Amino acid sequence: MGDSRKAVMGRPRGFDIDQALERAMRVFWARGYEGASLAELTGAMGITKTSMYAAFGNKEQLFRKALQRYGAGPAAYATRALEEPTARAVALAFLRGAVCTTTPPDGPSGCLTVQGALASSDESRAVHDLLVDWRNDAGVRLEERFRRAVNEGDLPGNADPRRLARFIMTMGFGIAVQAANGLGPAELDEIVDTALLGWPA
């Protein structure tokens, strides 16, 4: 009796949580937070609304999990770029990474963190603020890396780490918007080359 009860309680879910989250992430990436309806999300995930709530919580909680997955997967280039040996290499890796991530051959164009908050009602304010914090955190980490470059003599002493970080962030998110507008990798790589022409030496 006890054994059979355990089997029922421990029965595995009828779907792959990891795969379902990947599909939800792609819907949010393509449609934004408000543009992604529950019907569209559960349809892509191949589960019912009841199963979604049981496994992931509400739509906002699902989005938070999808954003974590995005940060650890497609957008991980931003963290890897910080490990480059020079400030210019950091900037180049960050912008080239933005090009690759926003123009995948088998996925949505643009950036989940930009498109996710383009339309935002009062009900979605928490998600809007989450994405603002996510983007600001990336800018802070870039600024810290460029400050280290100034201290190490890799950047000139009169270089402004905050201004450089804001410039790279602005270019990165501009690349995401242009990718969503249909520009391809080659055209976006030209923009990266142009952006770095004035890099402080």
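**Figure 1. The largest pocket of this predicted model holds about 230 Å³ of space.** Welcome to the first close-up, which looks at the pocket lining. In all, 16 residues line the largest pocket, and those nearest its centre are Gly71, Ala75, Ala78, Trp134 and Arg141. Four elements each give two or more residues to this lining: α5 (59-72), α6 (77-81), α9 and α10. Sorted by class, the lining of the largest pocket has 11 nonpolar, 3 polar and 2 charged residues.

**Figure 2. The second largest pocket, with about 180 Å³ of space, is lined by residues of α9 and α10 among its contributors.** Its lining is made up of Arg135, Asn136, Gly139, Val140, Glu143, Arg162, Ala165, Arg166, Met169 and Phe173. The elements giving two or more residues to this lining are α9 and α10. If you sort the lining of the second largest pocket by class, you will find 4 nonpolar, 2 polar and 4 charged residues.

**Figure 3. Helices α9 and α10 pack against each other in a right-handed crossing.** Here we look at how the two helices meet. Helix α9 spans residues 125-151 and helix α10 spans residues 161-180; the angle between them is about 135°, and their axes lie 8 Å apart. With that angle, α9 is oblique to α10. On the α9 side, the contact is made by Arg135, Ala138, Gly139, Leu142, Glu143, Phe146, Arg147 and Val150. The α10 side brings Pro161, Arg162, Leu164, Ala165, Ile168, Met169 and Phe173 to the contact. By class, this contact of α9 with α10 counts 10 nonpolar, 1 polar and 4 charged residues. Readers coming from Figure 2 will recognise some names: Arg135, Gly139 and Glu143 of α9 are among the contact residues, and Arg135, Gly139 and Glu143 are also among those lining the second largest pocket.

**Figure 4. The largest cavity encloses about 40 Å³ of space.** How many cavities of 30 Å³ or more are there? The count comes to 1. Lining the largest cavity are Tyr77, Phe94, Ala98, Thr102, Cys111, Met169, Gly172, Phe173 and Ala176. Two elements, α7 (87-102) and α10, each supply two or more of the lining residues. The most comes from α10, with 4 residues. By class, the cavity lining has 7 nonpolar and 2 polar residues, with no charged ones. Met169 and Phe173 deserve a second look in this view: both line the largest cavity, both line the second largest pocket, and both belong to the α10 side of the contact with α9.

**Figure 5. Helices α2 and α5 cross at roughly 100°.** The axes of α2 (residues 17-35) and α5 come within 9 Å. The two helices are therefore roughly perpendicular to each other. From α2, the residues that meet α5 are Asp18, Leu21, Glu22, Ala24, Met25, Phe28, Trp29, Tyr33 and Glu34. Their partners in α5 are Lys59, Glu60, Leu62, Phe63, Lys65, Ala66, Arg69 and Tyr70. Grouped by class, the contact of α2 with α5 has 10 nonpolar and 7 charged residues, and no polar ones.

**Figure 6. The protein as a whole has 11 helices and 0 strands.** To close, here is the setting for the close-ups. Which elements follow one another from the N terminus on? They run α-α-α-α-α-α-α-α-α-α-α. Taken along the principal axes, the C-alpha atoms of the protein fill a box of roughly 75 × 40 × 35 Å.

Terms used. Residues numbered from 1 in each chain as written. Predicted model: local features only at pLDDT ≥ 70, side-chain atom pairs only at ≥ 80, totals over all residues. Heavy atoms only, no water. Axes fitted to C-alpha atoms, helices over the stretch in contact; angles between N-to-C directions. Parallel < 35°, antiparallel > 145°, perpendicular 65-115°, else oblique. Left-handed = near helix turned anticlockwise from the far one by under 90°. Contact = heavy atoms within 4.5 Å. Nonpolar A, V, L, I, M, F, W, Y, C, P; charged D, E, K, R; others polar. 1 Å grid on protein atoms, 1.4 Å probe; cavity = no way out; pocket = protein on both sides within 12 Å on 5 of 7 lines; lining within 4 Å. Points joined across faces, edges and corners; volume = space filled by probe spheres on them.
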